[in-house]
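Here is my note on the side-chain contacts in this model, written as numbered points for you to follow alongside the coordinates. Please read each point with the residues displayed.

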Amino acid sequence: MLTKRQNLLETIKGGNPDRFVNQYEFMELVMEAPLGTMVGPGQEIKNEWGVTFRWPEGQLGGFPVHDEEHIVLKDITEWSKYVKAPAVPTSDEAWAAAVEHANNIDRNEVFVAAFVAPGLFEMTHHLMRMEEALMAFYEEPEAMHELIAYLTEYELAYAKEMINRLHPDCIFHHDDWGSQISSFLSPDMFEEFFVPAYKKIYGYYKANGVELIVHHSDTYGVNLVPSMIEVGIDIWQGVMTTNNTPELIKEYGSQITFMGEIDSGKVDFPEWTPEIVAEHVEKACKSCGKLYFIPNLTQGLNFSSFPGVYEETSAAIDRMSKEMF
């Protein structure tokens, strides 16, 4: 029987896996790294960039507060006046828990995965409203290029510290690039603003011992797949059924692997049942096949919003492995 790491590599390289890669089993996420203040259920916090996040009770996640009092970037043409990058944590104390965790992971069995969020696009609309961010790509492209370059340099500085301390062989990187039915930017605009930046970031990781780039975007992104391949993404996590994943696998499978196809919104809700989960897992596995595909809830971490859904999904995937392998 292959290890989880070996089975993953066989799957993404078109080899001979002996079962489905079951969701996030191939990576152990090191979540203790000092990435910044994150909002939790029922909380309101201001993070190190000055962005205020609020997570109302009863909601599934938090989002920036963008009224006039709280918005950070009030004028994109003067972004350098408003946007100040925090210092990258460099003390042994700040990294101690993460280092201990990484050192205790069996790298023969799984990938040591560092978590990075938010991504570059998300940062632009965290700092200002989504509407303003999207308009700025058209109206103030020079300023947006400058802001994205600034954000990129910060991420590279963080990456250097993280690599030196954790030596991750996998990066799990968040950046949502669309809605369920469309990307936020056209492929040409994405190529102009984000491909050079992500080539720098993901190229740096790959040049410094990171074997696997897993990028989360639980969105429509068919039109951005060529760019994903260009920037060095190995696995697109969060691929929704609106992307026609079986067709993507046929066209691009030898270049990138697709992780998802079990839409969280369709199975991860208060009235979920094992039968609903089993139906969606079976459809995903049978339609997408054994190679270049990892069945997974589209949500961007190894848990579900409602108790039991993630575990039931894993059990259903195991049953499909027994049936199909």
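The points below deal with a predicted model, and they take up the annotated domain, the aromatic contacts and the charged contacts in turn.

1. On the annotation, an unreviewed UniProt entry lists residues 49-300 as "domain: Uroporphyrinogen decarboxylase (URO-D)". In the model, this span is 45% helix and 15% strand, and the C-alpha atoms at its two ends lie 22 Å apart.

2. The structure holds 17 aromatic pairs. One of them joins phenylalanine 20 and phenylalanine 325, whose ring centres are 5.1 Å apart; because their planes stand at 80°, and an angle over 60 degrees is what the edge-to-face class requires, the pair is edge-to-face. Phenylalanine 20 belongs to the loop between helix 1 (4-12) and strand 1 (27-30), whereas phenylalanine 325 belongs to the segment after helix 13 (309-324), so the contact ties together parts that are 305 residues apart in sequence.

3. The two partners of that pair should be described separately as regards exposure. Phenylalanine 20 has a relative accessibility of 2% and therefore counts as buried, while phenylalanine 325, with a relative accessible area of 30%, is partly exposed. Phenylalanine 325 also has a charged neighbour, since the charged end of lysine 290 sits over its ring, 4.8 Å from the ring centre.

4. A second aromatic pair, formed by phenylalanine 121 and phenylalanine 137, is stacked, with 6.3 Å from centre to centre and 20° between the planes. This pair links distant parts of the chain, with phenylalanine 121 in helix 4 (residues 120-127) and phenylalanine 137 in helix 5 (residues 130-139), 16 residues apart. Phenylalanine 121 is buried at a relative accessible area of 2%, and for phenylalanine 137, also buried, the value is 2%. Both residues belong to one aromatic cluster, which includes Trp177, Phe184 and Tyr202.

5. Turning to charge, a search of the whole structure finds 16 salt bridges. Side chains of opposite charge can pair when their charged atoms come close. In one such bridge, the closest N and O atoms of lysine 199 and glutamate 230 are 3.0 Å apart. Lysine 199 lies in helix 8 (residues 195-207) and glutamate 230 in helix 9 (residues 225-231), so this bridge ties together parts that are 31 residues apart in sequence. Lysine 199 is partly exposed, with a relative accessible area of 40%, and glutamate 230 is partly exposed at 35%.

6. Which residues does lysine 286 meet in salt bridges? One partner is glutamate 282, with an N to O distance of 2.9 Å; both residues lie in helix 12 (residues 274-288), four residues apart, which is about one turn of the helix. Lysine 286 counts as partly exposed at 46% relative accessibility, as does glutamate 282 at 34%. The other partner is glutamate 323, where the closest N and O atoms are 3.1 Å apart. Glutamate 323 lies in helix 13 and lysine 286 in helix 12, so this bridge ties together parts that are 37 residues apart in sequence.

7. Finally, Arg5, Arg107, Asp169 and Glu211 are joined into one network by salt bridges that share partners. Arginine 5 has an aromatic contact as well, for its charged end sits over the ring of phenylalanine 111, 4.0 Å from the ring centre.

Notes. Residues numbered from 1 in each chain as written. Predicted model: local features only at pLDDT ≥ 70, side-chain atom pairs only at ≥ 80, totals over all residues. Heavy atoms only, no water. Phe/Tyr/Trp six-rings, centres within 6.5 Å; stacked < 30°, edge-to-face > 60°. Buried < 20%, exposed > 50% of the residue type's maximum accessible area, 1.4 Å probe, protein only. Lys NZ or Arg CZ within 6 Å of the ring centre and 35° of its normal. UniProt positions renumbered as here; feature names shortened; annotations may be inferred. Salt bridge = Lys/Arg side-chain N within 4 Å of Asp/Glu carboxyl O.
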